[in-house]
Amino acid sequence: MNKKITALLREQATKRFLEYVRIDTQSDPESKMSPSSEGQWVLGRILREELIELGLEDVELDAHCYVYATLPGRAGCVGPPITFCAHLDTSSSESGANVRPVIIRNYDGGDIRLPGSGKKHLTTAESRELLQFVGETLIFSDGRTLLGADDKAGIAEIMAALAAFKAFSELPHPELKIVFTPDEEIGAGTDFIQMNRVGKYGYTMDGGMMGEIEAECFDAWGMDLLFKGRNIHPGYAKDQMINAASIAARFVAALPEWETPEHTEGRAGFYHVTRIEGAENSAMVKLIIRDFDKSANQRRMDYLKNLAQLFERRYGGLEININAKDQYKNMNEVLHRHPEAVDKARRAIALADVAVRENPIRGGTDGARLCFMGVPTPNIFAGAMRVHSKTEWIPEVALEKASEVVVRLCALWCEV
Ligand SMILES: [Zn+2]
């Protein structure tokens, strides 16, 4: 790809990225609103204006804060309409307010000191990937907040590619259907998506390390367990009280400790308790179960049911209600039937001169939902590391390469 194009991609992706991270779009899992936070509207409105400036058509910021836009295909490209998707919000686990990006040029391979993190340095032992970017420009937050590259990098990369299509009329592309979604981090990214504004295939720009492509994700369930006990004055409680709170604690203690996020990696699944609350009368345990193999999750659900029955027998009068919610499914189920979507992504990454890394994602994406809504949608790297943390970082070269992958993918979809 000619140097003028890659220079523009780098300049555009970096400039836009630094602009977007300054807007606080942290989502709020406790909110009843859609979207869950005001800041997502602010970013949505900026993107609407920028998409119009870039010459896109049918630009819309809808009532649920989804941003849509269409770029008509270049004459001569007969490929199907393609969606590029990224999310507006940042993780609820760390503050996204007043993000102050710190830019380190010509990285020397040493530990990183961030001004807002006191004496604590980010060491190369903690973030070994740093050593692959010696000599590059790296972008961090100042250590007080997350950076928000998940997923503002993805948005910036898509926008940079659109800027390149505007500037270089020789770059081929099919019709592009751009979608930016709110509240992905709290699992609601596709809840109100307008499917008639999505292409035939899609790509989320929401993966990690440069070169990554993800075509497989967890099969995911949320489990709410409600323990109903019986309260009575503790002085007169013998053979009367059924203490839901203490029974819930015993129940959690009976889950296999080695099947938890902190003890698993690779393809191993887990139970993960996310919340416990309660008193004598009633207690609630919220957990999630995850696995690449859905039959393993079925086994976990059976285990929870059997354990609940055992506890009801052990504590006469106790009631345990289990509510299971299907959160998302392993997108591989869909993508293996449409190998062309992943094949082209692999080729585009290799053409951008980046080593392809294929990993199953220990999480989910908007793409997983889109796959089961009929749009095969693998996930491509946005380039950020240590996301959802105060030591999140991204190399500038990843911003450039991810946007180049978007441009190259578009050309591949124009091949007959
Ligand atoms: Zn993300």
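Both histidine 87 and aspartate 150 are buried, buried being under 20% relative accessible area, with over 50% called exposed and anything in between partly exposed (1.4 Å probe, protein chains only). The model is a predicted one, with local features needing pLDDT of at least 70 and side-chain atom pairs counting only at pLDDT 80 or more, while totals for chains, interfaces and linings use all residues. Residues are numbered from 1 along each chain as its sequence is written, and side-chain values use heavy atoms, with hydrogens and water left out.

Those two residues belong to the zinc site. The protein donors of the zinc ion are His87 (NE2), Asp150 (OD) and Asp206, the last listed with OD twice, at 1.9 to 2.7 Å from the ion. Donors here are N, O and S atoms within 2.8 Å of the metal (3.2 Å for Na, K and Ca); water is not among the atoms, so sites may look incomplete. Along the sequence the donor residues follow the spacing H-x62-D-x55-D. Histidine 87 sits in strand β3 (residues 82-87) and aspartate 150 in helix α3 (residues 149-167), so this pair links parts of the chain 63 residues apart. Helices (H or I, at least four residues) and strands (E, at least two) are DSSP runs, numbered from the N terminus. The geometry comes out as irregular because the 4 donor atoms subtend angles of 52 to 145° around the zinc ion; four donors would count as tetrahedral if all angles lay between 85 and 135 degrees, four as square planar and six as octahedral if opposite donors were over 155 degrees apart and all others between 65 and 115, and anything else is irregular.

On to the rings: a search of the whole structure turns up 11 aromatic pairs. Rings of Phe, Tyr and Trp (its six-membered ring) pair if their centres lie within 6.5 Å, with planes under 30 degrees apart stacked, over 60 edge-to-face and the rest tilted. Phenylalanine 133 and tryptophan 393 make an edge-to-face pair, since their centres are 5.9 Å apart and their planes at 80°. The two are 260 residues apart, phenylalanine 133 being in the loop between β6 (121-122) and β7 (138-140) and tryptophan 393 in strand β17 (residues 393-395). Phenylalanine 133 is buried at 3% relative accessibility, as is tryptophan 393 at 0%.

Tyrosine 201 and tryptophan 413 form a tilted pair, with centres 4.5 Å apart and planes at 35°. Strand β9 (residues 201-207) holds tyrosine 201 and helix α9 (residues 396-414) holds tryptophan 413, so the pair ties together parts 212 residues apart in sequence.
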